[in-house]
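Subject: Handover of a structure, with notes on its packing

Dear colleague,

I am passing on the structure below, and my notes on it follow. Please read them with the coordinates open beside you.

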Amino acid sequence: MPNSATEELERPAEWLDGMLLPGRLQKLGEEAGGVPIAAYRLARARCCVTAVPTTVPTLREVAVAARAVSDECGVSPPSDGLLLDACTLAGLVVIEPMNRRAA
């Protein structure tokens, strides 16, 4: 199964179709070294095929992808904080939610 970051960015729709096959998300988790980076890769590819494509996912998009990967791997999904920390340590950019103060 080709799973290079190049394919994810150059042919994201086809790459995502491949992720729908049984066991592919688990394999992605293994290749990525864990759920957080696999979730980032999945979220980034999903962002590339939206009406307004981008290669920088939001934390919420990464969290949704993490639930999908975690479910496939049979583990609990990581917290948003752990996802953000893992992405930051890996040098991956994630759009964080704005902190809103009560008026």
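Which residues does L83 touch, not counting residues up to four places away in sequence? Before answering, I should say that this is a predicted model, and everything that follows should be read with that in mind. With those sequence neighbours set aside, L83 touches P36, L59, V62, A63, A66 and P78. L83 itself lies in helix α6, and because its relative accessibility is 0%, under the 20% cut-off, it counts as buried. As a distance to check against your own calculation, the C-alpha atoms of L83 and A68 are separated by 14 Å, the two residues being 15 apart along the chain.

The nonpolar interior comes next. The largest nonpolar core has 23 residues, and those with the most contacts inside it are W15, L28, L42, V62 and V94. Two or more residues are given to this core by each of α2, α3, α4 (35-48), α5 (59-73) and α6 (80-89), and the largest share, 7 residues, comes from α4. For V94, one of the residues with the most contacts inside the core, the partners are Y40, V56, P57, T58, L59, V62, L84 and C87, again without counting residues up to four places away in sequence.

I then looked at how helix α3 packs against other helices, taking three pairs in turn.

Helix α2 (residues 12-19) and helix α3 (residues 24-32) have axes 8 Å apart and pack at an angle of about 110 degrees, which makes α2 roughly perpendicular to α3. On the α2 side the contact is made by W15, G18 and M19, and on the α3 side by R24, L25 and L28. Sorted by class, the contact of α2 with α3 has 4 nonpolar residues, 1 polar residue and 1 charged residue.

For α3 and α4, the axes come within 7 Å and cross at roughly 120 degrees, and the two helices are therefore oblique to each other. Their crossing is right-handed. L25, L28, G29 and A32 of α3 make this contact with I37, A38, R41 and L42 of α4, and the residues involved divide into 6 nonpolar, 1 polar and 1 charged.

The pair α3 and α5 has axes 8 Å apart and an angle of about 100 degrees, so these helices are roughly perpendicular to each other. Here R24, L25, Q26 and G29 in α3 meet A68, V69, E72 and C73 in α5, and by class the contact of α3 with α5 has 4 nonpolar, 2 polar and 2 charged residues.

One residue of α3 deserves a separate note. L25 is found in helix α3, where it takes part in the contact with α2, in the contact with α4 and in the contact with α5. Is L25 buried or exposed? Its relative accessibility is 11%, and since buried means under 20%, L25 counts as buried. Leaving aside its neighbours within four places in sequence, L25 is in contact with M19, L42, A68, V69, E72 and C73. From L25 to L59 the separation, C-alpha to C-alpha, is 19 Å in space, and these residues are 34 apart in sequence.

With best regards

Technical notes. Residues are numbered from 1 along each chain as its sequence is written. This is a predicted model: local features need pLDDT of at least 70, side-chain atom pairs count only at pLDDT 80 or more; totals for chains, interfaces and linings use all residues. Side-chain values use heavy atoms; hydrogens and water are left out. Axes are lines fitted to C-alpha atoms, for helices over the stretch in contact, and angles run from 0 to 180 degrees between N-to-C directions. Helices (H or I, at least four residues) and strands (E, at least two) are DSSP runs, numbered from the N terminus. Angles under 35 degrees count as roughly parallel, over 145 as roughly antiparallel, 65 to 115 as roughly perpendicular and the rest as oblique. Contact means heavy atoms within 4.5 Å. Ala, Val, Leu, Ile, Met, Phe, Trp, Tyr, Cys and Pro count as nonpolar, Asp, Glu, Lys and Arg as charged, and the others, Gly among them, as polar. A nonpolar core is a set of buried Ala, Val, Leu, Ile, Met, Phe, Trp, Tyr and Cys residues joined through side-chain atoms within 4.5 Å. Buried means under 20% relative accessible area, exposed over 50%, partly exposed in between (1.4 Å probe, protein chains only). A crossing is left-handed if the near helix is turned anticlockwise from the far one by less than a right angle, and right-handed if clockwise.
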